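Please look through the structure below slowly, with the sequence beside it, before reading the explanation that follows. The paragraphs move from one region to another, and it helps to find each residue as it is named.

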Amino acid sequence: MDIIFGRNKKEQLEPLRTRVTGRIPAWLQGTLLRNGPGMHTVGETRYNHWFDGLALLHSFTIRDGEVCYRSKYLRSDTYNANIEANRIVVSEFGTMAYPDPCKNIFSKAFSYLSHTIPDFTDNCLINIMKCGEDFYATTETNYIRKINPQTLETLEKVDYRKHVAVNLATSHPHYDDAGNVLNIGTSIVDKGKTKYVTFKIPATVSEGGKKGLSALKHMEVFCSIASRALLSPSYYHSFGVTESYIVFLEQPFRMDILKMATAYIRGVSWASCLAFHREDKTYIHIIDQRTRKPVLTKFYTDPMVVFHHVNAYEEDGCLLFDVIAYEDSSLYQLFYLANLNKDFEENSRLTSVPALKRFAVPLRMDKNAEAGSNLIKLSSTTARALKEKEDQVYCQPELLYEGLELPRINYAHNGKRYRYVFAAEVQWSPIPTKIIKYDILTKSSLKWGEARCWPAEPVFVPTPGAEDEDHGIILSAIVSTDPQKLPFLLVLDAKTFTELARASADVEMHLDLHGLFVPGADWEAGKQAPSREERDGAAERRVAPRT
């Protein structure tokens, strides 16, 4: 596990031509952008949690059957401060840091008030967001960083708080057909209230005939939902949308704001202020996009932790949504670097298994239904919604599959009825060992796996003009722990799950988290650096210059 998690990775600043075996379809032109933690130690200091590592961007540019690879650390303010000090001086969620190690407890007491609601890190290591023609590296704080998608250069820093009152925001926004961005953030004790804020960023902005203006300056609050507790809002990582509704889960995995206010002076991390309350419920909030108001019926289910929504859609007066659910928060605990050791396999068996679950919510209440009756009459699911009171419904999910994470779909079906989930399969370990295509209709699956190969989140790219939902390509960055096998970009036929090609790169590739594919062959990848084979061949063929 140390090979995957413990070692800092080197950058590949210039594009490196990979060695392609097999054949990449001629229509597949564009760049796969990925993001994830790549540096876990700075000087003599070490992050406590894998999710704290400094963001390392990498990309695979595909053009005419060839692939070029490059990687670059996000030059965030966090990165620059740490590198300049040669130690960790900016706190991350699982690692509390102190700019001056000589400060005593009294000095800390004077400065901790500025950390009551902390100025969070801009180490944007989780995902890549497209906003109009711009791209941003994102994390779960109020900061995002604009990047150059061709060179991976870090550009300006954006603070959501200048445009909408949120201290935290998800790294999994949604996009509508026009390219507008929809996201959710948490506003902590703003004007005496803590609330979940849904906000929208327009794809384009034009004023007075001028185009290309910053869309971020034109964010608008779409809807707000009051937190059930002023000082303990829910943690969440994503949310769901349909054509008419937004699905938000207020789960009993909650942040204690009072503990966070004293974390700095107590010398503990903000993560220690996050706790799972198994005696509580998970509340299902449904927002009507047409009225921009929450549905009044109170829906809830059993306590669970959800990081990733898969998809949601409407069917015959019901809203169905699929999530990857855990019974508790033990997954987060496992990724402390102290647990990623020789006992990792045994530690992993103690964690909750991720399960793909389907929930169904009635959009229209039957006032004549008896208490305890099932309000879901669909034949397509066994999920139930049991009426308890006139305005309260308990939801029981349908278990679809156990042991998968990092789900992706054909995004053309986002918010609509769909059939296929492309994901990473996890068995005894939360670290992916295979890529899986799960068919929700037939409950069958196809898989790809190879010994000592660790796949990243699979990304679906549709074939131009495709009519079938699974007509396209799956791309996944594969980290190899086999010394005889280089890391590579895997190219699968999404329909059959057969390998079409792989592009091997002689680099130190890191295990990433999320990203996106940007189609188009007009990007200039820059001057391509030769591969190791090309360098060796050039040395052997070196001849005297002509006179």
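Strand E33, which covers residues 420–425, runs antiparallel to strand E34, which covers residues 434–439, and six bridges join the two. At one place along this pairing, glutamate 425 stands opposite lysine 434, a residue of E34. The two strands belong to an open sheet of four strands, arranged in the order E32-E33-E34-E35 with antiparallel pairing. At its edges lie E32 and strand E35, the latter made of residues 444–449, and each of these edge strands pairs on one side only. From one strand to the next, the twist averages 30°.

The edge strand E32, residues 404–408, also contains leucine 406, a residue with a positive phi of about 50° although it is not a glycine. Is leucine 406 buried or exposed? Because its relative accessibility is 15%, and the limit for a buried residue is under 20%, leucine 406 counts as buried. Lysine 191 likewise has a positive phi, here of about 55°, and it is not a glycine either. Lysine 191 sits in the loop that lies between strand E14 (181–190) and strand E15 (193–201). Its relative accessibility is 78%, and since a residue over 50% is called exposed, lysine 191 counts as exposed.

This is a predicted model, so it is worth asking how confident the predictor was: what pLDDT does the protein chain average? The average is 89, and 87% of the residues score at least 70. Over residues 104–116, however, the pLDDT is below 50, and this stretch has 16 contacts in the model beyond near neighbours in sequence. Residues 537–547 also have a pLDDT below 50, but beyond near neighbours in sequence that stretch has zero contacts in the model. Where pLDDT is low, the predicted coordinates should not be read in detail.

Turning to the interior, the largest nonpolar core holds 85 residues, and of these Phe5, Ile284, Phe321 and Leu356 touch the most other members. Strand E27, residues 318–326, supplies the largest share of this core, namely eight residues. A second, separate core has 22 residues, among them Leu28, Tyr69, Ala503 and Val507.

Phenylalanine 5 is a useful residue to follow further, and, leaving aside residues up to four places away in sequence, its contacts include His40, Trp50, Phe335 and Ile431. Which loop holds histidine 40? Histidine 40 is found in the loop between strand E3 (30–39) and strand E4 (41–42). Although it lies in a loop, histidine 40 is buried, because its relative accessible area is 1% and the limit is under 20%. Again not counting residues up to four places away in sequence, histidine 40 touches Phe5, Gly6, Arg7, Asn8, Thr45, Arg46, Tyr47, Trp50, Gly53 and Leu337. Trp50 and Leu337 are thus named among the contacts of histidine 40 and also among those of phenylalanine 5.

Finally, consider the cysteines, where one may ask how many disulfides a search of the whole structure finds. The search finds zero disulfides. Cysteine 124 counts as buried because its relative accessibility is 0%, which falls under 20%. Cysteine 318 is also buried, since its relative accessible area of 5% is under 20% as well.

Notes: Residues numbered from 1 in each chain as written. Predicted model: local features only at pLDDT ≥ 70, side-chain atom pairs only at ≥ 80, totals over all residues. Heavy atoms only, no water. Disulfide = S-S within 2.5 Å. Buried < 20%, exposed > 50% of the residue type's maximum accessible area, 1.4 Å probe, protein only. Contact = heavy atoms within 4.5 Å. Pairing = 2+ DSSP bridges. Axes fitted to C-alpha atoms, helices over the stretch in contact; angles between N-to-C directions. pLDDT = per-residue confidence, 0-100. Core = buried A, V, L, I, M, F, W, Y, C linked by side-chain atoms within 4.5 Å.
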